[in-house]
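Here are my notes on this model, written up as numbered points. Have the viewer open while you go through them.

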Amino acid sequence: MDIGGFRTVRLKFDETCQSSHCLYIKRHNVRVECEATPPDRTMFVANVPPFCNEESIRHMFERFGQISNVHLRAKPGTVTAEEAQEGENFFRPAPVSPGFRVGYVVFDDAQHLRNALKDKHKEVVVLSTHARPVVTGMAKWCQEYRQRWPDPALLHREASRYISTHEARVAKEKAQLADQAGQPDDEGWITVHRGSKKSVATTTLAKTTQITPKERRRLKKQQREKELLHFYQFQQRDTRREQIAQLRKKFEQDKTRISELRAARKFRPY
């Protein structure tokens, strides 16, 4: 039965329940597409009861095709990257609201989604059976509490792997910086990194020893005679005044020279 564009799926908790509950499903349509829930392979499920979890949703619709992921949320919205990788994390976030929720069922193929939407869903789905019981009450709370904490052995293995990868990456970066230390770039600039002063000095000294003694003496002399020019503001002001005076003097000289050339010109058209 279709209601407002949704197809109904009837379910009940177990065989002892006399009444059924209705889920409403349709194709997931959004304006902004999300990588975790592609519209061509995602089914939107509304009115999900509190006793229905991800495994129950997967069990209900896996007969139509392989399901890659199931997301349950308190209200419709974009599935973030953290929620998409929830099963891969050691520390799982707190469960969503215990009330009625919405879900996103992501199939592996678009044809599987079409099969699920095309079916009439006349049979009532039973969630809790002897082969697949659904945990409720105190047992469910204890199970959710235990799932919040990772296995110490797996956590230790993952931490060791991450530290080894990080140390290898840091060692590789240090080796690259050591190779680049003291090497000028295309414009002649030398980038000095932290802890690379010794290598830069060694490289500079090695390059200095390759020049001739005469050139070395000239460089040393220039270094001794080097001084800070125009360091203070009054020095800069005096320098600008001298430059302006020189420009004015040159301007007057050019005017005088032009006047002399005009006076010496023999052909006078006027």
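1. Start with the salt bridge at E15. This is a predicted model, and E15 comes out exposed in it, at a relative accessible area of 59%. Its salt-bridge partner is K12, with 4.0 Å between the closest N and O atoms. K12 is on the other side of the burial scale: its relative accessible area is 18%, so it falls under the 20% cut-off and counts as buried. So this bridge pairs an exposed acid with a buried lysine.

2. Some overall numbers for context. The chain has 8 helices and 7 strands. It runs to 270 residues, and 21% of them count as buried. If you take the contacts between residues at least 6 apart in sequence, 66% of them join residues at least 24 apart. The salt bridge count for the structure is 4.

3. Next, have a look at α1, residues 54–61. Which of its residues are buried? S56, I57, M60 and F61 are. The arc they cover around the axis is only 115°, which is why they end up on the same side of α1. As a reminder, an α-helix has 3.6 residues a turn, so residues three or four places apart point the same way.

4. What do those buried residues of α1 pack against? The list is all strands: β2 (6–12), β3 (21–27), β4 (42–48), β5 (67–73), β6 (101–107) and β7 (125–126). At the start of α1 there is also a polar detail to check: a side-chain oxygen of N53 comes to within 3.3 Å of the backbone nitrogen of E55.

5. The bridge I'd zoom in on is R63 to D119, where the side chains meet at 3.9 Å, N to O. R63 sits in the loop between α1 and β5, while D119 sits in the loop between α3 (110–118) and β7, so the pair ties together parts that are 56 residues apart in sequence. As for accessibility, R63 is exposed at 55%, and D119 is partly exposed at 26%.

6. R63 and D119 turn up again in the lining of the second largest pocket. How much space lies in that pocket? About 200 Å³. The rest of the lining is V9, H59, M60, H121, K122, E123, V124, V125 and V126. Both α1 and β7 supply at least two residues each to this lining. Note that M60 is in the lining and is also one of the buried residues of α1.

7. Now for a bridge inside a single helix. R218 and E215 both belong to α7 (residues 213–225) and are 3 residues apart, about one turn of the helix. Their closest N and O atoms are 2.2 Å apart in the salt bridge, a value you may want to look at yourself. Both ends are partly exposed: R218 has a relative accessible area of 38%, and E215 is at 29%.

8. Last one: E35, in the loop between β3 and β4. With a relative accessible area of 79%, E35 is exposed. In sequence, E35 and V79 are 44 residues apart, yet their C-alpha atoms are 8.7 Å apart in space.

Definitions and conventions
Residues are numbered from 1 along each chain as its sequence is written. This is a predicted model: local features need pLDDT of at least 70, side-chain atom pairs count only at pLDDT 80 or more; totals for chains, interfaces and linings use all residues. Side-chain values use heavy atoms; hydrogens and water are left out. Buried means under 20% relative accessible area, exposed over 50%, partly exposed in between (1.4 Å probe, protein chains only). Helices (H or I, at least four residues) and strands (E, at least two) are DSSP runs, numbered from the N terminus. The arc is that of the directions from the helix axis to the C-beta atoms. Contact means heavy atoms within 4.5 Å. A polar contact is a pair of N or O atoms within 3.5 Å; within protein, one must be able to donate a hydrogen and the other to accept it, and residues adjacent in sequence count only if both atoms are side-chain atoms. On a 1 Å grid over the protein atoms alone, a cavity is a set of points where a 1.4 Å probe fits but cannot get out, and a pocket is an open set with protein on both sides within 12 Å along at least five of seven lines; lining residues have an atom within 4 Å of a point. Grid points are joined across faces, edges and corners, and a volume is the space filled by probe spheres set on the points.
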